[in-house]
Amino acid sequence: QNPLVGFYSAPPCTAPAQVRVRFKSTSATVWQATPYQVCDGLSLNFFIAGMTANTTYQMQQDLYRGPFDTPGPVLTFATGAIPSDVPIPARTTQVGPVAPTSMSYPFILQMPDKYPFATDLAGNVVWYSAAISNANPNEQGGLFRNVQGGTLLGVQDDPNDHCPGSTSYCGDHQFLREWDLAGNVVRETNWTILNK
């Protein structure tokens, strides 16, 4: 659904062990990593985001039990191109990721008029979402913030078939939604329920 987001499924494991997934481009020397997930006897699934377009990445899981780390096999994943109908605006990086820039937060999340997107500190697009966009005239909305655990929170309007006399969208920001990195709605509620 998103050529910049990978999906990694780790085999089943049991608590108190934990699993994370490390990833890096084949030309990089430093790994990025997901947060750990606690094993629950089932497979653990991870969305991998923060990758640039048209690049081959290596991915490897770490199974952590106490002081012992058991790495999994090194797998490869190739990101695709950003579709031509996704209008990522032009941008200029004034200063690259050098001191005193904090490397603790290596991404910049942006919400322009259309698709929200994220860049690394060098200005490379590493994520975007068509699901949380203003590009669909039947579902306008906006992105508020990212949520701990890797999801995103925002609002979307009712589509035009819920707006009597409207030919576009309601403009009501009726839905409060949480999305995963691939753009799937994880949870939602609406103003009516919140007002009750």
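Two strands are said to pair if DSSP finds at least two bridges between them, and the strands themselves are DSSP runs (E, at least two residues), numbered from the N terminus. With that in hand, let me begin with β2, which is joined to β3 by a hairpin of six residues.

Before going further, I should say that this is a predicted model, in which local features need pLDDT of at least 70 and side-chain atom pairs count only at pLDDT 80 or more, whereas totals for chains, interfaces and linings use all residues. Residues are numbered from 1 along each chain as its sequence is written, and side-chain values use heavy atoms, with hydrogens and water left out.

Returning to β2, which covers residues 18-25, we find that β2 pairs with β3 through two bridges in the antiparallel sense, and that within this pairing R22 faces A33 of β3. A further antiparallel pairing, again of two bridges, links β2 to β4, a strand of residues 37-38, where V38 is the bridge partner of Q18. With β6, which spans residues 56-65, strand β2 forms eight bridges, also antiparallel, and Q18 appears here too, standing opposite Y64. As general background, strands of a sheet pair through backbone hydrogen bonds, either parallel or antiparallel.

How enclosed is β2 by the rest of the structure? The answer is largely, because six of its eight residues are buried, where buried means under 20% relative accessible area, exposed means over 50%, and partly exposed lies in between (1.4 Å probe, protein chains only).

Just ahead of β2 there is a loop that deserves a careful look, the one between β1 (6-10) and β2, and P16 is found in it. The peptide bond that joins A15 to P16 is cis, with omega about 10 degrees. The loop also holds A17, which counts as buried because its relative accessibility is 1%. The C-alpha atom of A17 is separated by 8.7 Å from that of Q37, although the two residues are 20 apart along the chain.

The next stop is the loop between β5 and β6, where N54 is found. Which sign does phi take at N54? The value is positive, near 55 degrees, in a residue other than glycine. For context, most residues other than glycine have a negative phi, and most peptide bonds are trans. N54 is exposed, because its relative accessible area is 57%.

Within β6 itself, I would point to M59, which has 4% relative accessibility and therefore counts as buried. M59 and L75 are 16 residues apart along the chain, and their C-alpha atoms are separated by 5.1 Å.

Moving along the chain, we come to Y105, which sits in the loop between β8 (75-78) and β9. Is Y105 buried or exposed? Y105 counts as exposed, because its relative accessibility is 66%. From Y105 to L121 the separation is 16 residues in sequence and 9.0 Å in space, taken C-alpha to C-alpha.

That brings us to the second region I wanted to show, an open sheet of three strands in the order β9-β10-β11, paired antiparallel. Its edge strands are β9 and β11, each of which pairs on one side only. The twist averages 20 degrees from one strand to the next, with axes being lines fitted to C-alpha atoms and angles running from 0 to 180 degrees between N-to-C directions.

Taking the two pairings of β10 in turn, β9 and β10 share four bridges, and F107 has D120 in β10 as its bridge partner. On the other side, β10 (residues 117-120) is joined to β11 by three bridges, with A118 standing opposite W127. The hairpin of β10 and β11 has four residues between the strands, and in it G123 takes a positive phi near 90 degrees.

Finally, a single residue in β13, namely T151. With 13% relative accessibility, T151 counts as buried, and its side chain makes a polar contact (a pair of N or O atoms within 3.5 Å, one able to donate a hydrogen and the other to accept it, with residues adjacent in sequence counted only if both atoms are side-chain atoms) with the side chain of E178, at 2.5 Å.
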